[in-house]
Amino acid sequence: MNLGNSDKWAKWIHEDRFAKNDEFAQRLTNVATRIRDQILVAASIQLEDHVLDVATGNGLLGLGALKYLNKNGRVYLTDISLENLKSCAKTIQELQEESRVSLHQIDCEELDEGEGDSIDVILSRGILPYLVDKEKYFLDCYNILRSGGRLSGHEPLNSFVLKNKPKYNLYGFDLSLIKKVADKIIQKNIEVQGNLRDLMLDYTEHSLFSNLINVGFSSVQINLQSSYSHLTIFPDVQSVLKYVPNPNAWSLERIAETVLSNEEKDTLVKHIKGLLANGQVRKYNASIFYAAYKK
Ligand SMILES: C[S@@+](CC[C@H](N)C(=O)[O-])C[C@H]1O[C@@H](n2cnc3c(N)ncnc32)[C@H](O)[C@@H]1O
């Protein structure tokens with residue numbers, strides 16, 4: 001797929017997050033599929049439900065919901081990115097699901113406008129880190145759900161990871177032995193993401209729990225999943241270098257090319273290669289599943 005001229009989200013969804021590596025892409029997709037299945041189970045989807053997938057990306061959640069619906073059930077895929085919706089349209093055509101699935105270009109920071117309370121289930125994943133007002137998002141979700149409606153989602157908890165991991169741990173690789181190189185990378189990484197990085201860190205499991213209760217849901221569940229592991233999702237050093245963690249960030253390779261000398265780049269690559277070869281990964285991870293019910 002050539003996405004040269006399309007928006008930053010489509011390029012990231014279809015290309016950059018996969019690090020130009022098929023094995024990595026497959027591993028990432030497997031993780032996403034497992035998360036999707038948990039989100040769908042927690043949503044208790046009924047046969048004729050109207051299901052809204054907010055910020056759908058490639059349709060992962062909404063299209064996954066189809067198997068729970070009969071012919072009267074409906075799925076609405078929404079996203080801010082037209083390119084993402086166009087790519088979903090192709091998938092819908094291939095699946096011959098035009099009668100049950102529709103596409104809508106909606107900014108989820110304005111979700112509540114004109115929707116009414118017509119939705120049975122809202123699904124979302126990977127959107128909160130990009131929203132300025134997380135509680136308003138939940139309030140909008142609450143407002144467009146009909147009575148008896150459910151909200152089910154999953155989000156990374158970057159604030160939890162940042163609190164726990166050592167400063168020089170990057171993607172699970174300990175760069176403390178090459179501090180001079182690491183400092184340059186860390187500083188550039190913060191600089192390129194600017195204020196958008198703050199949004200990724202400005203919520204916790206506690207704040208989300210309160211947000212969901214504050215907006216009126218009568219039943220709220222959150223499940224924090226945190227891990228520390230010697231396993232890595234990266235198959236090789238090239239995938240580490242080419243991976244772009246979010247559309248506002250740069251790959252390690254791009255950062256290295258900008259701030260490191262050739263010698264420093266070699267040091268970085270050799271160091272990560274060595275850690276991978278010796279199984280010396282120390283990966284910190286945290287995320288949250290949440291489900292809420294509107295009485
Ligand atoms: C991390 S991806 C998650 C995609 C999908 N939910 C998944 O689970 O794979 C975030 C998605 O949010 C969309 N997005 C970003 N900002 C948005 C906004 N303000 N309103 C609606 N969609 C947005 C992007 O286009 C992208 O598809």
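**Close-up 1. G279 comes after helix α11 in this predicted model.** Look just past α11 and you will find G279, whose phi is positive, near 65°. The helix before G279 runs over residues 262-277. How far apart should the ends of α11 be? With 16 residues at 1.5 Å a residue, the helix should span 22 Å, and its end C-alpha atoms are indeed 22 Å apart, so the two values agree.

**Close-up 2. Helix α11 has a buried side and an exposed side.** Which residues of α11 are buried? They are L268, I272 and L275. Seen down the helix axis, the buried residues fall within an arc of 60°, so they line one face of α11. Here is a handy rule to keep in mind: an α-helix has 3.6 residues a turn, so residues three or four places apart point the same way. Turn to the other side of α11 and you meet N262, E263, D266, K270 and A277, which are exposed. The cover over the buried residues of α11 includes β7 (173-174), α7 (179-201), α9 (237-242) and α10 (252-259).

**Close-up 3. I122 belongs to the largest nonpolar core.** This core has 48 residues, and I122, L123 and C141 touch the most other members. Setting aside neighbours within four places in sequence, I122 is in contact with L52, V54, C141, L145 and L151. A second, separate core has 23 residues, among them I13, F24, L241 and L268. You have already met L268 as one of the buried residues of α11.

**Close-up 4. A shell of 19 residues surrounds the ligand.** Which residues of the shell are closest to the ligand? They are W9, A55, G57, R125 and G126. Two helices, α1 (8-14) and α3 (60-65), each supply at least two residues of this shell. Sort the shell by chemical character and you get ten nonpolar, five polar and four charged residues.

**Close-up 5. S87 sits in helix α4.** This helix covers residues 82-95. Is S87 buried or exposed? S87 has 21 other C-beta atoms within 10 Å, and 20 or more are needed to count as buried, so S87 is buried. Leaving out neighbours within four places in sequence, S87 is in contact with H14 and N58. For one more landmark, find L60: L60 and S87 are 27 residues apart along the chain, and their C-alpha atoms are separated by 12 Å.

Key:
Residues are numbered from 1 along each chain as its sequence is written. This is a predicted model: local features need pLDDT of at least 70, side-chain atom pairs count only at pLDDT 80 or more; totals for chains, interfaces and linings use all residues. A residue is near a molecule or strand if its C-beta atom, placed from the backbone, lies within 6 Å of it. Helices (H or I, at least four residues) and strands (E, at least two) are DSSP runs, numbered from the N terminus. Ala, Val, Leu, Ile, Met, Phe, Trp, Tyr, Cys and Pro count as nonpolar, Asp, Glu, Lys and Arg as charged, and the others, Gly among them, as polar. A nonpolar core is a set of buried Ala, Val, Leu, Ile, Met, Phe, Trp, Tyr and Cys residues joined through C-beta atoms within 7 Å. A residue is buried if 20 or more other C-beta atoms lie within 10 Å of its own, exposed if 12 or fewer, and partly exposed in between; C-beta atoms are placed from the backbone. Two residues are in contact if their C-beta atoms, placed from the backbone, lie within 7 Å. The expected span of a helix is 1.5 Å times one less than its number of residues. The arc is that of the directions from the helix axis to the C-beta atoms.
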